[in-house]
Amino acid sequence: MTDYVHPEGLVDTDWLEQRLDDASIRIVEVDEDTSAYEKGHIRNAVGWNWTTDLHDPLRRDYVDLESLSRLMQQAGVDSDTTVVLYGGNNNWFAAYSYWLLRYLGFEQVKLLNGGRKKWELEGRQLVADVPLFARTEVRVIGPIRGEFRALRDEVLGKLGTVRFVDVRSPEEYRGEKLAPDHLPQEQAQVPGHIPGAVNIPWSKAANDDGTFKSADELRALYGGEGITPDRGVIAYCRIGERSAHTWFVLHELLGYPAVENYDGSWTEYGSLVGVPVER
């Protein structure tokens, strides 16, 4: 992992297995399938539900600093604790959680390279026991990293000036589908993509075992489509989870200096009145 610009954002399965009982590490599983944790998880891992633990209960927005602090306290995270995130589907929602924690100003976080998939492929232990940790008084105080997140007005204002990366499937990008087949409930009003966006599906950044491709492979993947570090980049998908995975690749692994995740993504953009759309 030393060929990445910021390899410190990742840990491998050997490293984590040797530290399962390390009190300075808190392992957290975040899955698209919110029931996966109950079926078996890495020993001493706590489970976060991305829909209820990480989002505001009323608005379409994330938890605030106070709510994130409570979540950390319940998980036994203290001021000197490092959070190690992992999940299924090539760390889809684990990367989303990593981006959210960094956005809210929590810096002591890493991602398990390969996530749950690699852990299972290697035959490593999964358990059903839910660990209990003493509640802490830790406070997440920010600062909120606004440069990591693109909101609607900024997206509209930057059309034609930054590079947009649509990380959805080619079928969604072309406007043939509004959402992945297994997620039909979350749709925009119209199909298509943001004008000028290039389509680089998020999953192309991962190997078959769920780990990230090498830095050279990733540079070729994105650079070949004109996504280079000399120009600002905004990544989007449908609700911001797949694009957070791409944000991790571009910002953390490749060190691009100006990468934002548009978490409103196509669910928001494709429902706006009067904005330009391409198919």
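The side chain of Asp-31 reaches the backbone nitrogen of Gly-88 at 2.5 Å. This is a predicted model, in which local features need pLDDT of at least 70, side-chain atom pairs count only at pLDDT 80 or more, and totals for chains, interfaces and linings use all residues. Residues are numbered from 1 along each chain as its sequence is written, and side-chain values use heavy atoms, with hydrogens and water left out.

Asp-31 sits in the loop that joins strand S2 (25-30) to helix H2 (36-39). Asp-31 is buried (under 20% relative accessible area, 1.4 Å probe, protein chains only). Even so, Asp-31 has no salt bridge (a side-chain nitrogen of Lys or Arg within 4 Å of a carboxyl oxygen of Asp or Glu). Arg-116, the nearest side chain of opposite charge, is 4.1 Å away.

His-55 is found in the loop between strand S3 (45-48) and helix H3 (65-74). With a relative accessible area of 17%, His-55 is buried. The table gives the distances for its side chain.

| Side chain | Partner | Distance |
|---|---|---|
| His-55 | backbone oxygen of Trp-50 | 2.7 Å |
| His-55 | side chain of Tyr-96 | 2.8 Å |

The Tyr-96 pair is a polar contact.

His-55 also belongs to the lining of the largest pocket, where His-55, Arg-60, Asp-61, Ile-239 and Asp-263 lie nearest the centre. In total, 19 residues line this pocket, and its volume is about 380 Å³. The lining consists of six nonpolar, four polar and nine charged residues.

Methods. On a 1 Å grid over the protein atoms alone, a cavity is a set of points where a 1.4 Å probe fits but cannot get out, and a pocket is an open set with protein on both sides within 12 Å along at least five of seven lines; lining residues have an atom within 4 Å of a point. Grid points are joined across faces, edges and corners, and a volume is the space filled by probe spheres set on the points. Ala, Val, Leu, Ile, Met, Phe, Trp, Tyr, Cys and Pro count as nonpolar, Asp, Glu, Lys and Arg as charged, and the others, Gly among them, as polar. Helices (H or I, at least four residues) and strands (E, at least two) are DSSP runs, numbered from the N terminus. Buried means under 20% relative accessible area, exposed over 50%, partly exposed in between (1.4 Å probe, protein chains only). Lys and Arg count as positive and Asp and Glu as negative; His and the chain ends are not counted. A polar contact is a pair of N or O atoms within 3.5 Å; within protein, one must be able to donate a hydrogen and the other to accept it, and residues adjacent in sequence count only if both atoms are side-chain atoms.
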